[in-house]
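The following paragraphs offer a guided reading of a structure, passing from one chain to the other. The reader is invited to keep the structure in view and to locate each element as it is named.

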Amino acid sequence: MTATMIKEFRLPDLGEGLTESEILSWKVAVGDTVTLNQVIAEVETAKAVVELPSPFAGTVAALHEQPGTVVEVGKRIVSFEVDDAGSSNRGSTPAAGNGSAVETSANGSAPAGAADAVGSPAKREPNLVGYGAVVEHTGRPTRRARGQVQEAHPKAPVPEQPRSAPVAVPEPETASAERPRSTPPVRKLARDLGIDLEQVPGTGPGGLITREDVQGFTSTPETVSEAPAARGERETRTAIKGVRKFTAAAMVQSAFTAPHVTEFLTVDVTATMELLGRIKGNKAFEGYKLTPLTIAAKAMLVALRNNPTVNSRWDEANQEIVQFNYVNLGIAAATPRGLTVPNIKDADQLTLRELSTALTELTDTARAGKTSPSDLSGGTISITNIGVFGIDAGTPILNPGEAAIVALGAVRKAPWVVNDELAVRQVMSLSLSFDHRLVDGEQGSRFLADLGAILSDPAMVMTMI
Amino acid sequence: MLTDQAGKGVHQGTPGPGQSAPNPLRTGGNLLQLVSPEGDRISHPEFDVWVKDIGDEQLCSLYEDMTVIRRIDAEATALQRQGELALWPPLLGQEAAQIGSSRSLRDDDFVFPSYRESGVAYVRGAHLSEIARVWRGNASYGWDPQRINLATPQIIIGSQSLHATGYAMGVQLDGASTAVLAYFGDGATSEGDVNEAMVFAASYQAPVVFFCQNNHWAISEPVRIQSHVQLADRPTGFGIPSMRVDGNDVMAVMAATRVALDRARKGGGPTFIEAVTYRMGPHTTADDPTRYRDPNELEDWAAKDPILRLHKLLEAKGLLTEDVAARVKAKADAVAAELRSSCIDMPDPQPLDVFNHVYSTPNSWIERQKDHYSRYLNSFNQPVEEGAL
């Protein structure tokens with residue numbers, strides 16, 4: 001039987017003082033044989049995209065992180081199964097914990113998948129990982145960033161308290177941003193005992209927490225057991241990931257690169273609502289789902305014919321303005337996973353019935369969470385239908401890469417002046433945000449005015465096509 | 001670009017309006033080249049004599065050294081990516097400049113390098129572990145400077161030129177025939193230290209050689225922005241004679257360095273050598289040159305690769321036999337393996353080691369601090385040991 005070992009590779013600090021890197025891609029798969037210094041992954045740090053060379057010759061036993069993941073320095077990213085003899089690739093047997101490659105003994109006959117079970121951390125943190133500051137507690141004094149008191153809580157749960165799950169605990173009212181006053185050896189003692197110094201009353205001079213305070217604290221765990229549990233329900237923390245993370249990034253990027261202008265127009269849509277009623281009664285539209293959104297979308301596609309400027313894109317890389325001669329109409333959709341903006345390809349070529357079908361399909365697919373990536377890319381202009389929530393107007397943020405977005409408000413009955421007399425009419429607010437880098441107020445205003453004109457008098461379409 | 005075009009007799013005819021007269025302190029033509037990028041030996045009336053002793057065996061030996069230091073560079077870069085070194089400044093592309101110059105030195109000459117001269121350290125006789133340990137963060141120095149007459153790598157840009165000049169002035173007082181050589185880069189010529197060093201070197205006619213590896217990039221700053229004249233014309237303003245050589249041509253570098261060292265030994269004063277080369281890698285492993293550098297530029301310089309050029313010359317001469325190729329490869333493999341093992345097996349420094357090299361003689365104040373720190377560490381109830389250093 002050939003004796004093998006599982007050796008782990010932990011993400012090193014690839015720059016000077018970096019704390020994390022993103023795995024862009026793996027160049028190897030589980031089961032692959034790798035040679036020393038063979039490129040195994042591509043990783044992006046805050047400073048550069050770099051290739052990671054394998055520190056071992058052997059077989060890839062497990063890849064612990066997926067591409068696209070941002071990994072903290074010092075975290076295990078890949079395990080190798082190597083011959084015991086193979087360790088000579090690193091010279092002689094490496095000094096324990098010296099460097100990022102960490103070895104763990106494994107039974108020679110263990111299957112490759114057993115690597116996952118070998119999760120026990122090295123006895124000492126690697127010296128060079130996160131150099132400049134020790135990554136985790138190694139028995140040396142560790143400085144904790146001020147103002148991150150809450151974050152530090154989950155890392156030191158009190159063992160005697162089953163309820164003190166790693167839920168973030170709000171600061172006590174009296175807590176300051178300063179860490180509790182104590183001395184490094186006492187801090188270490190508290191850390192070793194799993195005691196959070198925030199919870200320990202200090203009896204030393206000036207409230208200093210002494211060794212006795214910490215030791216006394218352990219013997220009376222019941223005095224603190226209530227506090228974290230009682231407070232734990234006052235906030236819920238959810239990791240920022242997936243669609244939320246993507247949405248946030250897209251919104252920030254859009255808001256801070258495209259100078260937004262938002263214009264509002266409130267229009268009397270009584271005629272449109274009457275038209276909608278007539279169309280619904282038309283046999284040709286039996287079985288089609290028609291809503292104010294359908295008509296508004298069609299109206300928008302018509303208004304774009306004379307105002308193509310708003311259906312465009314700022315191409316920063318090429319320093320060009322791209323005006324689209326087609327319309328991929330994005331519809332903001334609230335899905336279980338969060339906000340997505342799938343688009344209807346070549347919407348300007350569709351008849352009202354086709355548009356209705358496409359809208360229904362698009363929203364159904366989005367709500368089922370099955371929107372394909374191709375449906376999410378390539379949009380040229382968007383609609384967000386905030387009216388369904390009973391909202392009148394807003395200042396929508398552009399879908400990145402597009403120059404305009406229209407928010408449709410709720411259709412409500414309201415007093416309105418008709419022929420110099422007050423009347424109760426159905427009224428709707430339109431909000432148009434546009435990218436002022438490439439759309440001027442004139443062009444945005446004309447587009448919004450045309451859209452309003454159609455919705456207040458659908459016959460105006462005759463003048464536009 | 002006013003930097004790298006090879007050619008001779010650039011100062012032909014009478015200078016036109018706005019053109020300066022030939023610079024009498026510049027020698028070697030516009031760019032001294034003895035081996036073309038295609039591997040052809042180019043004869044030069046003035047400089048051939050300085051390399052006439054370089055026979056077949058020496059050529060193979062230069063090739064071996066250049067190949068080995070490129071391998072050291074690749075292995076160290078990999079070690080950094082594997083978390084075994086904190087940082088590494090690659091020398092890729094500068095092998096001829098480093099080997100040609102360092103192989104021209106005598107053992108008793110004294111060298112003041114910057115941080116990129118790992119190839120020079122190898123030639124001077126630094127152990128591989130000594131080259132690695134500073135970059136691993138295990139020590140604040142690499143080797144004993146007195147053992148190999150090589151100062152510790154200087155991180156501060158250009159300040160070693162002052163140290164070299166001062167050392168050279170000391171050599172003058174000793175009346176020795178030792179020469180001093182300072183390495184720095186193109187960016188350093190814009191620093192005050194280098195300019196001050198040239199003032200002193202010229203004033204005292206100190207036996208120092210300023211060896212500038214113009215690798216075209218001061219991190220992300222291109223040399224053409226830093227200097228509106230060729231770098232070799234900067235020292236002539238101080239009255240220091242200069243040469244501009246193809247830094248990727250190991251023969252030209254050797255010839256120029258030998259001329260300069262000879263001048264220094266004979267009381268002829270300082271010399272400035274601009275070795276025109278190219279940093280083919282990043283500034284350090286923490287840098288990403290694709291963010292500021294045109295990839296076409298890298299391609300152009302790959303065609304002028306210093307090792308490839310010597311490889312072609314050796315092949316043309318029929319010197320690159322299987323034996324030679326195998327010997328060079330075996331040497332490079334062995335050096336890389338030794339670098340790796342000596343780096344990984346290096347003992348960690350111990351906390352109290354930090355006090356060891358503050359003073360060369362016992363010092364009560366340091367002892368007191370050491371005692372305090374020791375007691376502080378003991379308050380963690382952990383054994384405190386002095387390490388291997």
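**A covered helix and its surroundings**

In chain B, helix H4, formed by residues 128-136, is mostly covered, since 7 of its 9 residues are buried. It should be noted at the outset that this is a predicted model. Which residues of H4(B) are buried? They are Leu128(B), Ile131(B), Ala132(B), Arg133(B), Val134(B), Trp135(B) and Arg136(B). An α-helix has 3.6 residues a turn, so residues three or four places apart point the same way. The cover over the buried residues of H4(B) includes three helices of chain B, namely H1 (56-81), H3 (118-124) and H12 (322-344). Just after H4(B) comes Gly137(B), which takes a positive phi of about 85°.

Two of the helices that help to cover H4(B), H1(B) and H12(B), also meet each other. Their axes come within 9 Å and cross at roughly 35°, and the crossing is right-handed. On the side of H1(B), the contact is made by Cys60(B), Tyr63(B), Glu64(B), Thr67(B), Val68(B), Arg71(B), Ile72(B), Glu75(B), Ala76(B) and Leu79(B). H12(B) contributes Val324(B), Val328(B), Lys331(B), Ala332(B), Val335(B), Ala336(B), Leu339(B), Arg340(B) and Cys343(B). How many of the residues in this contact are nonpolar, polar and charged? The contact of H1(B) with H12(B) comprises 13 nonpolar residues, 1 polar residue and 5 charged residues.

Another helix of chain B, H9 (residues 250-265), contains Val259(B). Why does Val259(B) count as buried? A residue is buried if 20 or more other C-beta atoms lie within 10 Å of its own. Val259(B) has 25 other C-beta atoms within 10 Å, and therefore it is buried. Val259(B) and Ser104(B) are 155 residues apart along the chain, yet their C-alpha atoms are separated by 9.7 Å.

Attention now passes to chain A. This chain has 10 helices and 20 strands. Of its 465 residues, 33% count as buried. Among the contacts in chain A between residues at least 6 apart in sequence, 65% join residues at least 24 apart.

Strand S2(A), residues 20-26, illustrates how strands are joined in this chain. S2(A) runs antiparallel to strand S7(A), residues 70-72, and 3 bridges join the two. Within this pairing, Ser21(A) stands opposite Val71(A). S2(A) is also joined by 4 bridges to strand S4(A), residues 39-44, and these strands run antiparallel as well. Here Trp26(A) has Ala41(A) of S4(A) as its bridge partner. In a regular strand the side chains alternate between the two faces of the sheet.

It remains to consider the confidence of the prediction. Chain B averages a pLDDT of 91, with 92% of the residues scoring at least 70. In chain A the average is 78, and 75% of the residues score at least 70. Where does pLDDT stay under 50 in chain B? It does so over residues 1-19 of chain B, for which the model has 21 contacts beyond four places in sequence. In chain A, pLDDT stays under 50 over residues 86-99, with 43 contacts beyond four places in sequence. It also stays under 50 over residues 104-176 of chain A, for which the model has 132 such contacts. The model as a whole scores ipTM 0.78 and pTM 0.58.

Definitions and conventions:
Residues numbered from 1 in each chain as written. Chains lettered and ligands numbered in written order. Predicted model: local features only at pLDDT ≥ 70, side-chain atom pairs only at ≥ 80, totals over all residues. Buried ≥ 20, exposed ≤ 12 C-beta atoms within 10 Å, placed from the backbone. Contact = placed C-beta atoms within 7 Å. pLDDT = per-residue confidence, 0-100. Axes fitted to C-alpha atoms, helices over the stretch in contact; angles between N-to-C directions. Left-handed = near helix turned anticlockwise from the far one by under 90°. Nonpolar A, V, L, I, M, F, W, Y, C, P; charged D, E, K, R; others polar. Pairing = 2+ DSSP bridges.
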